[in-house]
Amino acid sequence: MGYLLMIFLAAILTHNIALTYLLGMCPFVALARNLKTAFGMSIAVIFVVTLTAAINWPIYHLILLPTGSELIYYIVFIVVIAASVQFVEMVMERFFPPLQAAFGIFLPLITVNCVVLAVSLFLVLREYTYIQSLVFAIGSAIGWMIAIVVVAAINEKLNLVGDVPKGLKGPGIIFIIAGILALAFMGFGGMVAIK
Amino acid sequence: MNFAPIIIMNVILLVITILLSIADKFLVTYGKCKITVTQEDEHKEFVVEGGNYLHSELISHGYHIQASCGGKATCGYCKVMVKSGGGSMLPTEEVFMSKEEKKAGTRLSCQVKVKEDIEIQIPDFFSTVRNIVKNQMYDPKVDWQFITDVQGESLPALKKIKVEQNQQDTVLDIINQYRDLEGPLVPVLQKVNDTFNYLPENLLHYIAEELDIPKSHVYRIATFYNAFSLKPKGKYKIAICMGTACHVKGAAGLMETFENELSINEGETTEDLLFSLEGVRCIGCCGLAPVLLVNEDVHGLVTKDRVPQIIEMYRKKEI
């Protein structure tokens, strides 16, 4: 139990997937301009990351490992991610149209978000058990959400003040904010450690 | 050799494909939907299986909706007016819509999913253009203007060009000089520019007709070269060097003084069409910085105090 909590905290703070590993930067920079879209996107990321981790772990440990074909796990994970995103989109469009309008439009973007693939690959690299994998996936996605929401909020406030130099508007200032935030997150360094 | 990875890969792909097809079959069905199309006072109704995009349904029922991007919401040509049904506008469409279009309920048909009965109107602007092209009514040498009369038919109308008699004579003289040259346009424009100090719009029309060259071509040449201007220029063109050396020696202050003395801004011309003012890059005599040109005359080592003298010198020539 203690180890699970450690994984969870480490995924959010010390091993933050956006600020420590610099993963998922493309949607990060594109969507961190507006708090509302950033939040919608990160909810979708949490959902998809957890779902794909939950599917990919059994596929790796129950199908690929016993048959000795673990070298194709990259490509299998990508296919599984794409298919499950497609499936979720169909279900959502059919049964939850308001939800689809709120964050369904971000789902196709997530198919190519490397956070999703990276989490699935980390599960394998770090040899987590099933429960640990789920906790790690949720933690990583929440960590990504914290990063993008904080950057989006700071960016929005900065734009309200209107002091951002012309040449830095948009991606430029987002990179600077993200960099400073990453430095700040380094302060959590000694708190928890996982392999 | 180990064939397991290949087999496993194929099995996984197969399973996923089957699952997705099943999902597609059971989830993406919305029953029969009725589409009502209004195009140029003509109503049509047809019933389709729901779940597809409006654009592909319209195409398969014989409506030619332009979409060069192939339904990816990037070209923004497939606009239709959705009167009812179709849900609300997606964020992907908003960039293509003006305020008026948003109010009128315009949507990109490639982004509207048919999930219920839909009533749409197809704007007829494109059909107008297409008819003109089909009937070969298009002539690139003619000025175009669409006049929609009461019946909704559009006719091309000629815009009348006014060229005064004395202007016409001068230009005709110039054209006759160069008419037989290969590529007479540039020398003609040069001469006309020299005579009038700029290229008046009506004369461009006249030159195009007289030389039998498309107007678009004349416009292209006239706007490409720096030597030509479509706006009236002063008789004396003051070109202040804004290059590095002159800048260090205070060219910016010089420009400001000229602007104040002539009460015009950089790039403008005085009302009496005597002076026009512009900043240029290096004119190749940094030793004289700050330096300026008035037409062909070079004035070097100019100070702010000398500015009124220079202007006065050229004013006196005119009296």
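1. Which residue is the bridge partner of B:Ile240 in β10(B)? The partner is B:Leu292, and the pairing to which this bridge belongs, between β8(B) and strand β10 (residues 292-294) of chain B, runs in the antiparallel sense over three bridges. It should be said at the outset that this is a predicted model, and every remark below is to be read with that in mind.

2. On its other pairing, strand β8 (residues 236-241) of chain B joins strand β9 (residues 275-280) of chain B in the parallel sense, over six bridges. Within that pairing B:Tyr236 stands opposite B:Phe275 in β9(B). β8(B) therefore takes part in a parallel pairing as well as an antiparallel one, if two strands are taken to pair when DSSP finds at least two bridges between them.

3. Chain B also contains an open sheet of five strands, in the order β2-β1-β5-β3-β4, with mixed pairing. Its edge strands are β2 (42-49) and β4 (106-108) of chain B, each of which pairs on one side only, and the twist from one strand to the next averages 35°. Inside this sheet, strand β1 (residues 32-39) and strand β5 (residues 118-121) of chain B pair in the parallel sense over four bridges, and B:Ile35 stands opposite B:Ile118 in β5(B).

4. For chain B as a whole, the model gives 12 helices and 11 strands. Of the 319 residues of this chain, 20% count as buried. Among the contacts in chain B with a separation of 6 or more, 58% are accounted for by residues 24 or more positions apart.

5. Turning to the interior, the largest nonpolar core has 50 residues, and those with the most contacts inside it are A:Val45, A:Val49 and A:Ile148. The elements giving two or more residues to this core are α1, α2 (25-31), α3 (35-64), α4 (73-95), α6 (107-111), α7 (114-125), α8 and α9 (171-186) of chain A, with the largest share, 11 residues, coming from α8(A). A second, separate core of 19 residues includes B:Ile240, B:Leu262, B:Phe275 and B:Val307; B:Ile240 and B:Phe275 have been met already, B:Ile240 as the bridge partner of B:Leu292 and B:Phe275 as the residue opposite B:Tyr236.

6. The surroundings of A:Val49 deserve a separate look. Leaving aside residues up to four places away in sequence, A:Val49 touches A:Val115, A:Val116, A:Val119, A:Ala137, A:Ser140 and A:Ala141. A:Val49 also belongs to the contact of α3(A) with α7(A), which is made by A:Val45, A:Val48, A:Val49, A:Thr52, A:Ala53, A:Asn56, A:Trp57 and A:Tyr60 of α3(A) and by A:Val115, A:Val116, A:Val119, A:Ser120, A:Leu123 and A:Val124 of α7(A). The axes of these two helices come within 9 Å and cross at roughly 35°, the crossing is right-handed, and the residues of the contact divide into 11 nonpolar, three polar and no charged.

7. α7(A) packs against α8(A) as well, at an angle of about 145° and with the axes 10 Å apart, and it passes α8(A) in a right-handed crossing. The contact is made by A:Val115, A:Val119, A:Phe122 and A:Leu123 of α7(A) together with A:Ser133, A:Phe136, A:Ala137, A:Ser140 and A:Trp144 of α8(A). By class, this contact has seven nonpolar, two polar and no charged residues.

8. Helix α1 (residues 2-14) of chain A has as its buried residues A:Ile7, A:Ala10, A:Ala11, A:Ile12 and A:Thr14, and these pack against α8 (130-161) of chain A. Is A:Tyr3, whose place is in helix α1 of chain A, buried or exposed? A:Tyr3 is exposed, because 11 other C-beta atoms lie within 10 Å and the cut-off for an exposed residue is 12 or fewer. The C-alpha atoms of A:Tyr3 and A:Ile194 are separated by 9.1 Å, although these residues are 191 residues apart along the chain.

9. Last comes the interface, in which 17 residues of chain A are in contact with 14 residues of chain B. On the side of chain A that touches chain B, α3 and α4 of chain A each supply at least two residues, and the largest share, nine residues, comes from α4(A). The residues of this side divide into 12 nonpolar, four polar and one charged.

Methods:
Residues are numbered from 1 along each chain as its sequence is written. Chains are lettered from A and ligands numbered from 1 in the order in which they are written. This is a predicted model: local features need pLDDT of at least 70, side-chain atom pairs count only at pLDDT 80 or more; totals for chains, interfaces and linings use all residues. Two residues are in contact if their C-beta atoms, placed from the backbone, lie within 7 Å. Axes are lines fitted to C-alpha atoms, for helices over the stretch in contact, and angles run from 0 to 180 degrees between N-to-C directions. A nonpolar core is a set of buried Ala, Val, Leu, Ile, Met, Phe, Trp, Tyr and Cys residues joined through C-beta atoms within 7 Å. A crossing is left-handed if the near helix is turned anticlockwise from the far one by less than a right angle, and right-handed if clockwise. Ala, Val, Leu, Ile, Met, Phe, Trp, Tyr, Cys and Pro count as nonpolar, Asp, Glu, Lys and Arg as charged, and the others, Gly among them, as polar.
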